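Open the model in a viewer and keep the selection panel at hand. The stops below go from the whole chain to single residues.

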Amino acid sequence: MAEPKCPSCAIEGIEHIVSKDSEERARDRNAWFQVVYCNSCGHIYGVFAKHVLPSGKQNGPQLVLNR
């Protein structure tokens, strides 16, 4: 089976692709982003939004639940 290969250091294997929550936090303490990177060399594959602000007109008050 084919394994992913890091474009920077050429290490192979899905176990080397890891993620971490960003240091930036919303008011409810949830991370804004998830950073996906190679745990061998630090090559960043992508940054994905975890906390999304609503856009446009809202239909009433917004409720934020703390977990």
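**Whole chain**

Follow the protein along its sequence and the pattern is β-β-β. This is a predicted model, with three strands and zero helices. Colour the chain by pLDDT: the mean is 85 for the protein, and 75% of the residues reach 70 or more. Among the elements, the mean pLDDT is highest for E1, at 96, and lowest for E3, at 94. Next, colour by burial: of the 67 residues in the protein, 16% are buried.

**The sheet**

Select the three strands together. They make an open sheet, ordered E1-E2-E3, with antiparallel pairing. Residues 17-21 are strand E1 and residues 44-49 are strand E3; these are the edge strands, each pairing on one side only. Turn the view to compare strand directions: on average, neighbouring strands of this sheet are turned by 20° against each other, direction ignored.

**E2 against E3**

Now select residues 33-38, which are strand E2. How many bridges join E2 to E3? There are five, and the two strands run antiparallel. To look at one pair, select Phe33 and Ala49: Ala49, in E3, is the bridge partner of Phe33.

**A surface patch**

Keep Phe33 selected and add Trp32, Ile44 and Val47, then show the surface. These four residues form a nonpolar patch there, and their accessible area together is about 360 Å². Val47 lies in strand E3, one of the two edge strands. Phe33 thus appears at two stops, as the bridge partner of Ala49 and as part of the nonpolar patch.

Definitions and conventions: Residues are numbered from 1 along each chain as its sequence is written. This is a predicted model: local features need pLDDT of at least 70, side-chain atom pairs count only at pLDDT 80 or more; totals for chains, interfaces and linings use all residues. Side-chain values use heavy atoms; hydrogens and water are left out. Two strands pair if DSSP finds at least two bridges between them. Helices (H or I, at least four residues) and strands (E, at least two) are DSSP runs, numbered from the N terminus. Axes are lines fitted to C-alpha atoms, for helices over the stretch in contact, and angles run from 0 to 180 degrees between N-to-C directions. Patches are made of residues with over 30% relative accessible area and no salt bridge: like charges are joined within 9 Å, nonpolar side chains (Val, Leu, Ile, Met, Phe, Trp, Tyr) within 5 Å. Accessible areas come from the Shrake-Rupley method with a 1.4 Å probe; for residues, only the protein chains shown count as cover. A salt bridge is a side-chain nitrogen of Lys or Arg within 4 Å of a carboxyl oxygen of Asp or Glu. pLDDT is the predictor's confidence in each residue, from 0 to 100. Buried means under 20% relative accessible area, exposed over 50%, partly exposed in between (1.4 Å probe, protein chains only).
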